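Me: I've got a model open and I want to go through the labels people put on it. Can you back each one up for me?

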Amino acid sequence: MDLNPAQYDAVNTLSGPLLVLAGAGTGKTRVVTYRIAELIRNRIRPDRILAVTFTNKAADEMQQRAAALLGKRPKVRPEMSTFHSLCVRILRRHIQQLGYPSAFAIYDRGDQEGVARSVLREIKGGDALLRPGDLLYLIGRWKTAAVRPEQAAALAETDKEHLGAAAYRRYQNALKAAGSLDFDDLLLCTEELLTQFPKVRRAEADRFDHLLVDEYQDTNGSQYRIVQSLAADHRNLCVVGDDDQSIYGWRGAEVAHILRFKNDWPEAKVVRLEVNYRSTREILAWSNRLIAFNKLRHVKTLRATCSGESPRVRQLKDEIEEAKFVVADLADRIARHRRRPKDFAILCRTNEQPRSFEMELRRANIPYVLMGGMSFYDRKEIRDVLAYLKLLANPADEVSLLRIINVPARGIGQTTVKTLLDAAIHAGKPMWELLPKVREVPGLTATAVQAVERFRTMIERFRRQMKEQSPLQVVKTLIRDVSYKDELTRLYSEADEQEARWASVEEVVNAVAGYSHRATDPTLAGFLQEVALTANEAEDDKESKLERNAVALMTLHAAKGLEFPEVYMVGMEEGTLPHHRSVADAGASVDEERRLCYVGVTRAQRRLTLTLALERRKWGKSRPTHPSRFLYELTGQADNPNYQRVQHGQKPQRR
DNA sequence: GACTCGAGTCCCGCC
DNA sequence: GACTCGAGTC
């Protein structure tokens with residue numbers, strides 16, 4: 001094994017708590033995977049090892065590396081998953097204890113908005129004071145701080161927060177009534193099960209003898225406590241992290257967790273990795289200069305092992321020119337420097353930035369993979385089909401019911417829906433349970449009653465089919481029987497668009513087929529849970545296999561833990577990086593943006609290019625921009641008067 | 001009840 | 001720019 005002494009130490013500390021404080025590019029993942037291999041070599045059963053990561057991408061990456069290291073031999077593999085999928089598995093086994101069905105649905109952002117909207121409407125004047133987005137923001141903040149609905153009122157100060165607290169209670173009740181959890185609930189409910197039910201905790205802790213957590217600096221409160229509960233008995237806990245790369249503060253991550261590790265596990269061994277194998281001396285010099293501007297950090301001395309060319313900064317007219325420059329540069333590297341598409345990454349701050357790059361890459365015929373962003377599952381037609389499936393899996397799922405009750409139009413209009421909804425609220429039951437007695441609901445026309453009954457009969461029929469047929473068959477029949485294809489032709493006049501949208505509907509069918517193939521006991525609920533957890537990678541399945549060799553186009557958040565020979569960091573402007581929302585709230589937010597920039601810069605192995613556009617289109621309007629303050633910090637120009645100017649939103653001046 | 005049109009809003013990041 | 005929502009019309 002070609003490991004340096006510190007790495008070797010970390011790899012071979014096989015039992016007891018271990019903290020690996022590792023800077024960027026020091027071989028963290030290598031240590032984790034080698035350690036797993038070493039455990040197996042020491043006769044630890046692979047399926048007794050659990051490795052937890054934050055993103056699916058990171059889990060895949062680790063799985064691949066481990067497979068390469070272990071060979072194809074072991075039939076049983078160590079379990080590698082994200083926190084969220086780990087929670088889903090635990091919840092499937094025990095969530096009945098909390099009064100939820102084991103086939104619970106996972107609500108994504110769109111579903112959450114649906115619940116938030118109806119909850120606010122129920123409260124008098126609620127929808128005037130708070131918008132669904134504002135409410136979800138408040139709820140998100142409370143949930144990441146593990147504040148329960150009944151505690152929120154005491155913490156509320158403003159009118160909006162008081163209303164929010166009341167709405168939070170209703171929101172939570174609505175979710176529970178629908179047998180659904182949002183992403184935060186996955187963590188919170190798992191935490192509750194593990195801390196309130198000793199039997200559950202013991203059963204889950206007993207499943208593994210070794211627990212490894214990557215990117216430990218990004219654990220939030222719930223994740224922290226879940227880790228504590230699972231490792232408390234065997235104490236074979238290995239965590240790996242870097243405080244300079246903590247970029248999930250906005251969802252409750254606390255660097256304190258990694259700093260506190262030695263207190264939590266007094267017998268813990270601490271290993272520091274400080275030799276950077278990834279980047280050139282030149283790239284490292286830039287990143288070290290940058291991160292030194294953060295005051296609250298563990299000072300590390302990262303040493304480089306090779307040198308190369310100096311990073312570059314390029315300034316372009318607008319985001320179109322920026323994309324043209326990057327793609328032309330990259331095409332030239334492929335043509336004349338024998339680079340392959342997969343050697344490149346284009347990293348950006350927000351999900352809207354990739355658009356112009358996608359266009360250019362397509363024009364230049366260079367394969368690329370887009371990670372994240374407007375997900376496949378955010379498209380209207382996909383959401384419609386999935387809403388049908390969710391309703392079949394769980395008729396109490398009111399968000400889905402309301403979404404498709406009249407899609408395609410079947411004569412159940414707004415008035416009818418509102419009447420039904422009022423009656424359901426009055427009766428204190430989910431709307432679905434009211435439908436068999438729709439004749440008794442006052443105020444409905446005879447045609448409306450008929451339409452509702454036809455709808456209910458149809459759904460019931462599919463639910464019966466579900467018991468006899470495979471999910472795949474049911475999905476196919478369903479799409480045909482509701483004439484969804486006709487709906488698309490009706491809705492969209494262009495033949496191209498009709499086809500594209502129909503193609504994505506077929507993609508869902510393929511996804512169900514793929515899932516049925518993989519799963520041991522395929523169910524509709526299982527498929528939907530998987531979809532919720534891997535929403536962004538749906539197309540990846542198909543594409544990454546076809547085009548493994550592709551330029552990676554992704555956000556900085558998605559890039560964490562990855563590395564590329566050549567990196568383009570684009571949109572290096574005030575307002576984009578640092579993002580204007582972070583600049584607006586004072587204090588530590590900009591530090592997190594700086595860490596984000598640091599993460600980006602340290603992804604590059606050999607060649608780094610930073611670009612900025614002098615004007616950028618946003619919401620249809622083009623606006624002038626200013627260079628990011630981080631450019632001055634990276635290049636050691638903090639004494640440049642323009643550095644002060646851009647920080648205050650002023651135009652830099654030529655000298 | 002379905003359809004059309006214009007106004008208003010949205011978006012930071014991940015699972 | 002793209003999407004959603006409500007008002008107004010058929």
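Me: What does the side chain of Glu574 reach at 2.7 Å?

Reply: The backbone nitrogen of Arg629. Keep in mind that this is a predicted model, so the distances here are computed from its atoms.

Me: Where is Glu574, and why is Glu574 called buried?

Reply: Glu574 lies in the loop between β13 (564-569) and α29. Its relative accessible area is 16%, and buried means under 20%, so Glu574 is buried. Not counting residues up to four places away in sequence, Glu574 touches His626, Pro627, Ser628, Arg629 and Val646.

Me: What about Asp244: buried or exposed?

Reply: Buried: the relative accessible area of Asp244 is 2%, and the cut-off is under 20%. Asp244 sits in the loop between β7 and α13 (256-259).

Me: What makes the Asp244 and Arg297 pair a polar contact?

Reply: Their side chains are joined at 2.8 Å, and the limit for a pair of N or O atoms is within 3.5 Å, so the pair counts as a polar contact. The side chain of Lys300 makes a polar contact with the side chain of Asp244 too, at 3.2 Å.

Me: Which residues does Asp244 touch, not counting residues up to four places away in sequence?

Reply: Ile291, Arg297, His298, Lys300, Arg595 and Tyr598. As for C-alpha atoms, those of Asp244 and Leu296 are separated by 9.4 Å, with the two positions 52 residues apart along the chain.

Me: Now Asp111. How do you know that Asp111 counts as buried?

Reply: Its relative accessibility is 5%. Buried means under 20%, so Asp111 counts as buried. Asp111 is found in helix α5 (residues 109-122).

Me: What joins the side chains of Asp111 and Arg383?

Reply: A polar contact of 3.3 Å. Set that against the limit of 3.5 Å and the label holds. Leaving aside neighbours within four places in sequence, Asp111 is in contact with Ile106, Arg383, Lys390 and Val399.

Me: Where does Asp108 come in, and what does its side chain reach at 3.0 Å?

Reply: Asp108 lies in the loop between β4 (105-107) and α5, and its side chain reaches the backbone nitrogen of Asp111. Arg383 turns up here as well: leaving aside neighbours within four places in sequence, Asp108 is in contact with Phe183 and Arg383. Ile90 is 18 residues from Asp108 in sequence and 19 Å from Asp108 in space, C-alpha to C-alpha.

Me: On to the sheet. What makes β3 and β8 edge strands?

Reply: The sheet is open, with 6 strands in the order β3-β2-β6-β7-β1-β8 and parallel pairing. β3 (79-82) and β8 (269-273) each pair on one side only, and that is what earns them the edge label. From one strand to the next, the twist averages 15 degrees.

Me: How do you know that β6 and β7 pair?

Reply: Pairing takes at least two bridges, and 3 bridges join β6 (residues 210-213) to β7 (residues 237-241), so the two strands pair. For one residue, Leu212 has Cys238 in β7 as its bridge partner.

Me: What lies across β2 (49-53) and β3?

Reply: Helix α3 (residues 56-70), which runs at about 165 degrees to β3.

Me: And the DNA? How many residues surround DNA strand B, and which are the closest?

Reply: 30 residues surround DNA strand B, and the closest are Arg131, Arg251, Arg349, Asn351 and Thr416. Of the strand B atoms that come within 4 Å of the protein, sugar and phosphate account for 64%. The residues of this surface divide into 8 nonpolar, 16 polar and 6 charged, and α20 (414-427) and α29 (580-584) each supply at least two of them.

Me: What makes Arg251 a polar contact of DNA strand B?

Reply: An N or O atom in the Arg251 side chain is 2.5 Å from a base oxygen of DNA strand B, and the limit is within 3.5 Å, so the pair qualifies. A backbone N or O atom of Gly411 lies 3.2 Å from a phosphate oxygen of that strand, while a polar side-chain atom of Thr82 lies 3.4 Å from a sugar or linking oxygen.

Me: Which residues are around DNA strand C?

Reply: Arg117, Trp619 and Gly620. An N or O atom in the side chain of Arg117 is 3.2 Å from a phosphate oxygen of DNA strand C.

How values were computed: Residues are numbered from 1 along each chain as its sequence is written. Chains are lettered from A and ligands numbered from 1 in the order in which they are written. This is a predicted model: local features need pLDDT of at least 70, side-chain atom pairs count only at pLDDT 80 or more; totals for chains, interfaces and linings use all residues. Side-chain values use heavy atoms; hydrogens and water are left out. A residue is near a molecule or strand if one of its heavy atoms lies within 4 Å of it. A polar contact is a pair of N or O atoms within 3.5 Å; within protein, one must be able to donate a hydrogen and the other to accept it, and residues adjacent in sequence count only if both atoms are side-chain atoms. Helices (H or I, at least four residues) and strands (E, at least two) are DSSP runs, numbered from the N terminus. Ala, Val, Leu, Ile, Met, Phe, Trp, Tyr, Cys and Pro count as nonpolar, Asp, Glu, Lys and Arg as charged, and the others, Gly among them, as polar. Buried means under 20% relative accessible area, exposed over 50%, partly exposed in between (1.4 Å probe, protein chains only). Contact means heavy atoms within 4.5 Å. Axes are lines fitted to C-alpha atoms, for helices over the stretch in contact, and angles run from 0 to 180 degrees between N-to-C directions.
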